[in-house]
Amino acid sequence: ENLTWEKNKTFDAGIDFSIWNSRISGSVDYYNKKTYDLLQDVPLSRTSGFTVQSRNLGSMRNSGIEASLNVQIINSRDFSWSVFGSIATVKNEILKLAPSIDGKPIDINAGSSYRKTEEGRPFMSWFMPTWAGVNAQTGAPEWYLNGIDGEKTSDFNKAQRVFQGTAIPKYTGGFG
C-alpha cells in the first residue's frame, strides 16, 4: 500500500520563431526534469520468504537543450522544398539511490561486470578497465592496473574498473 507511481518536477522554457514570412523557422527549448520516488528493488532477509521488495526511494535528473531549424528553400504554388534539422542534448545524473542495510547506496546493476549505478553519475554508466594499448614485445593487449595510468597488465581481470562513460548519448539529432 506504500508503493506509488514515480513522480516528476519539470521545468521547460523555450522560444519558437519564424522570419521572412515563415521561410525560416525553428525553436530552442531548455528542460530540467527531476524524477523522484523511483522504484527500486531493495534486498530483504531471505527469512521473509522474498529476496527483494520494490520501494519508492531513488531520484534522478535529466536536463538539456533541444533546438530545431526549418528553411523553406523553394515555396511556390507547384513545388516546395524545405530543409530541416534538429539537435538535442541530455545530461543525466542519479541523485539518490535506496540505502542497503549497511547504509551504502544500492547498485541496481550489482552483478554486472561492466555496468554500475552510483549517485552523482549517469544512469547506464560503464565501469571497465582502461585500455593501455598493445605490448610491443609480446603483442598482448594491456590495461592500466589502477584503471587510470602507470603500471600495465595483460590480465584483464587484474585491471581496476573505472568510470568510462555512459550508454546515454550526449547528443541526438536528425535532418531531412
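**Figure 1. The open sheet of β6, β7 and β11 in the predicted model.** Three strands make up this open sheet, arranged in the order β6-β7-β11, and their pairing is antiparallel. The edges are taken by β6 (115-116) and β11 (162-166), each of which has a single partner strand, so one side of each is left without a neighbour in the sheet.

**Figure 2. The pairing of β6 with β7.** Within that sheet, two bridges link β6 to strand β7 (residues 125-128), and the two strands pair in the antiparallel sense. Which residue of β7 stands opposite arginine 115? The residue facing arginine 115 is tryptophan 126.

**Figure 3. Strand β12 and its pairing with β4.** Strand β4 (residues 80-89) and β12 run antiparallel and are joined by five bridges. Along this pairing, isoleucine 87 of one strand has glycine 173 in β12 standing opposite. Strand β12 covers residues 171-175, and of these five residues the number buried is zero, so β12 lies largely in the open.

**Figure 4. The surroundings of valine 52 in strand β3.** Valine 52 belongs to strand β3, which covers residues 52-75. Is valine 52 buried or exposed? Neither word fits, because its relative accessibility is 40%, a value that lies between the limits of under 20% for buried and over 50% for exposed, and valine 52 therefore counts as partly exposed. When residues up to four places away in sequence are left aside, valine 52 touches Asp41, Val42, Pro43 and Leu44. Aspartate 16, by contrast, is separated from valine 52 by 36 residues in sequence and by 47 Å in space, taken from C-alpha to C-alpha.

**Figure 5. The protein as a setting for the close-up views.** The protein contains zero helices and 12 strands, and it is more spread out than a compact globule, because its radius of gyration is 24 Å, well over the 16 Å that the globule rule gives for 176 residues. Along the principal axes, the C-alpha atoms fill a box of roughly 70 × 65 × 25 Å. Of the 176 residues, 21% count as buried, while the accessible surface comes to about 12,200 Å², with 55% of this belonging to carbon and sulfur atoms. Among contacts between residues at least 6 apart in sequence, 51% join residues that are at least 24 apart. The side chains include 19 positive and 18 negative ones, and the centres of these two sets lie 1 Å apart.

Definitions and conventions:
Residues numbered from 1 in each chain as written. Predicted model: local features only at pLDDT ≥ 70, side-chain atom pairs only at ≥ 80, totals over all residues. Heavy atoms only, no water. Buried < 20%, exposed > 50% of the residue type's maximum accessible area, 1.4 Å probe, protein only. Helix = DSSP H or I, 4+ residues; strand = E, 2+ residues; numbered from the N terminus. Pairing = 2+ DSSP bridges. Contact = heavy atoms within 4.5 Å. Rg over C-alpha atoms; globule rule 2.2 N^0.38 Å. Areas by Shrake-Rupley, 256 points an atom, 1.4 Å probe, with all protein chains shown as cover. Lys, Arg positive; Asp, Glu negative; His and termini not counted. Charge placed at Lys NZ, Arg CZ, Asp CG, Glu CD.
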